[in-house]
Amino acid sequence: MTETTTGVPDYDDAAVARIHAFVETVTGGKIVRIERQVRWRPAWFADVEKDGEIIALHLRGDRAGDVAIFPDLKRESDIIEVLTAHGVPAPKIYGYLADPPCIVMESIPGTRDLSGLPQEALGSIGRDYMAAVAAMHAVPLDAFAAIGIHAPETAEDIALIGLNTYLPQYARTKRRPEPLLEFVIGWLRRNVPKHRTKASFVQFDSGQFLVKDGRLTKLYDFEFGMIGDPFVDIATMGMRNSIEPLGASLAELCLNYEASTGEPVDHDVILFHILQFSTLGTMQFTGTVAQPVPGDPHSVYIEWDLSLRKSMLLALSALTGVALPVLEPLAERTGDNVALIAKLADTVTRIAPAAAIDEAQKEQAVQLIEALARVDVMGGAAVARDITDVSAYLGRAFDEWPAAAAALEKHIQTAGPAEDVALITLLGTIEGRRMQVYEPTAIAGSARDVVLPQTR
C-alpha cells in the first residue's frame, strides 16, 4: 500500500485485496460481488455468500486529503457499535480493518430519494426519524466516554464543542486570510446560549437516513459525531433539507422531536447552531479550496464552500437583524483566456472514461472549466470592487486582494460589537460578489437552493 502526500492511505490493488480477505474472515463467507461507490472517498458495496444466504455489506474507507476532523476511522466504527448496542437504528458492524482503514458494516437497504411518496408516508417517516434521533440523544454519555469521546461540561463548551473541535484543523490547514470566518468565530464566542447546559451525543452532520417501502430503515454516517447540544442535530438536518429533502418540513420534525423527548425546541438556539455548523464546514475545507490538494474532489469542495457561506450569511442576518446587501450586477467582458479555456473544455469533453469513477472525475473537470470561464470573464471586476470597499472601510489603499483581505482579517480580530452591522454588510457584499461570479455554473447549483430552514 502506498500513501498520498497528505499521509492518507492509498487504496491500491494490494490494499483492496487485504480488504477482501478481511471481509471474508469476519463474515465467514465469500465475496461474490463488489462494486466501487463513485464518491469522494474510497467505498464499496459487496455481496457475501454464506450458507446459501447473501449478506449485503458496505465497506467504508478513509476520506482522502487534509479535511478530516477525526482522522481515526475506527472512532466512527466504535460510535456505531455503541449506538446499535443501545437500540438506535444504525448499521451492524462486522469488523474494522486498520490497514488500510476500512469499516465493514451492513449495507442499509433503501434510498435517500423520498420523491413520489404520499404525504401519509412522509409524515410517518418524519415521526420515526425523530424518534430515532431522540433515542440517540438519550444514550448514556458514559457509553461514549468508554470509547474516548470527550464530554463538555460548561454551557460555553457544550455550545461551542464543534468550533473548539474544528479549530486545530482550521489553524493547521488555513492557506489564506478568511475575514468572514474570523468575524463569525468571534461573534459565536460572544453570543453563546448560556442557558443550554445539558449535553447529548449528536450525529452533528445529521439528516442522513434511508427509506424502503415508505418506511425508515436506519441512520448512517457518524463520522463527525460528538457530544454537544442536541439541538445541533435539528439545525444540521434543516440545512441538509435543501439538498436532500427530509420529506416532512423542519417545523414538523421539530414537533415530532418535542413529542418524542417532551422537551420544547428552542428555535433561536437552532439558528445559532445553523450559523456555527455552516462556519465549521467552511473552516474544514478552506485550506483545500484555497490551495487544492492533488486527488481532492475540488469541484465538490467549491460547491460546498459556496453553499455553506451563503448559509452563514443568511443565519447571521437572521440572528442580528442586519439585512444582507442587494448588489449591482457585475460587468461582463471578454476574458483574457477565453479561447484557451474553450479549447480545454473541448479537449476534456472528448475524453472517453473507462469506468464510472473516471466519468465522475471527468464531470468534475468539466465543472471546474465552466467555473474558470466565469472567473476569467467576471472575477477581475469582483476583486477590484472588493479591494475598493475594503480600502474605504479601513481608510488605506490596497493594490492586491491578498493584502486587503489580510488587513481586514486583522482588523476584525480586534473589532468590537459596535462594528457588527458595518462588518456584516461589508462581508455580505464581498461574499455576494463571489456568488455573482459563480451563480450560473453547475458548481453553484447547491448554493442557489440554500434557504434558511424554518423551524416553526
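What is the volume of the largest cavity? About 60 Å³, and the legend for Figure 1 takes a look inside. One thing to keep in mind for every view: this is a predicted model.

**Figure 1. The largest cavity and the residues around it.** The structure holds 1 cavity of 30 Å³ or more, and the volume of the largest cavity comes to about 60 Å³. Its lining is made up of R41, D62, R63, A68, F70, D72, L73, R75, E76 and E223. Sort those by class and you get 7 charged residues, 3 nonpolar and no polar ones.

**Figure 2. The second largest pocket, with α13 as its main contributor.** This pocket takes up about 810 Å³ of space. It is lined by 30 residues, and R176, V383, D386, W401 and R434 are the closest to its centre. Two or more lining residues come from each of α7, α10, α11 (298-320), α13 (356-394), α14 (401-412) and α15 (420-438). Helix α13 gives the most, with 9 residues. How does the lining divide into nonpolar, polar and charged residues? Nonpolar residues number 21, charged ones 7 and polar ones 2.

**Figure 3. Helix α6 and its bend at L167.** Helix α6 covers residues 161-173, 13 in total. From first C-alpha to last it reaches 19 Å, close to the 18 Å expected at 1.5 Å a residue. There is a bend of about 35 degrees at L167, with a proline, P168, following within four residues. Which residues of α6 are buried? They are I161, G162, L163, Y166, Q169, Y170 and T173. As a reminder, an α-helix has 3.6 residues a turn, so residues three or four places apart point the same way. The partners that the buried residues of α6 pack against are α5 (155-159), α7 (179-190), β9 (226-228) and α10 (267-290).

**Figure 4. Helix α14 and what covers it.** How far apart should the ends of α14 be? With 12 residues at 1.5 Å a residue, the helix should span 16 Å, and its end C-alpha atoms are indeed 16 Å apart. On the buried side of the ledger are A404, A405, A407, L408, E409 and I412. Cover for these buried residues of α14 includes α7, α13 and α15. Helix α14 also turns up in Figure 2, as one of the elements giving two or more residues to the lining of the second largest pocket.

**Figure 5. V139, a buried loop residue.** V139 sits in the loop between α3 (119-137) and α4 (141-145). Is V139 buried or exposed? Its relative accessibility is 4%, so V139 counts as buried, the cut-off being under 20%. Setting aside neighbours within four places in sequence, V139 is in contact with V82, L83, H86, V88 and F144. Of these, V88 is 51 residues away from V139 along the chain, and the two C-alpha atoms are separated by 8.6 Å.

**Figure 6. Backbone oddities in three loops: P100, D51 and D221.** A bit of background helps here: most residues other than glycine have a negative phi, and most peptide bonds are trans. The bond joining D99 and P100 is a cis peptide bond, with omega at about 0 degrees. P100 belongs to the loop between β4 (93-97) and β5 (102-106). D51 is not a glycine, yet its phi is positive at about 55 degrees. Look for D51 in the loop between β2 (43-50) and β3 (53-61), where its relative accessible area of 72% makes it exposed. D221 is not a glycine either, and has a positive phi of about 70 degrees. This residue lies in the loop between β8 (215-219) and β9. D221 counts as buried because its relative accessibility is 14%.

**Figure 7. A318 on helix α11.** What is the relative accessible area of A318? The value is 41%, so A318 is partly exposed. Not counting residues up to four places away in sequence, A318 touches L271 and L452. F272 is 46 residues from A318 along the chain, and their C-alpha atoms are separated by 9.7 Å.

Terms used:
Residues numbered from 1 in each chain as written. Predicted model: local features only at pLDDT ≥ 70, side-chain atom pairs only at ≥ 80, totals over all residues. Heavy atoms only, no water. Expected span 1.5 Å × (residues − 1). Bend = angle between axes of the 7 residues up to and from the residue. Buried < 20%, exposed > 50% of the residue type's maximum accessible area, 1.4 Å probe, protein only. Contact = heavy atoms within 4.5 Å. 1 Å grid on protein atoms, 1.4 Å probe; cavity = no way out; pocket = protein on both sides within 12 Å on 5 of 7 lines; lining within 4 Å. Points joined across faces, edges and corners; volume = space filled by probe spheres on them. Nonpolar A, V, L, I, M, F, W, Y, C, P; charged D, E, K, R; others polar.
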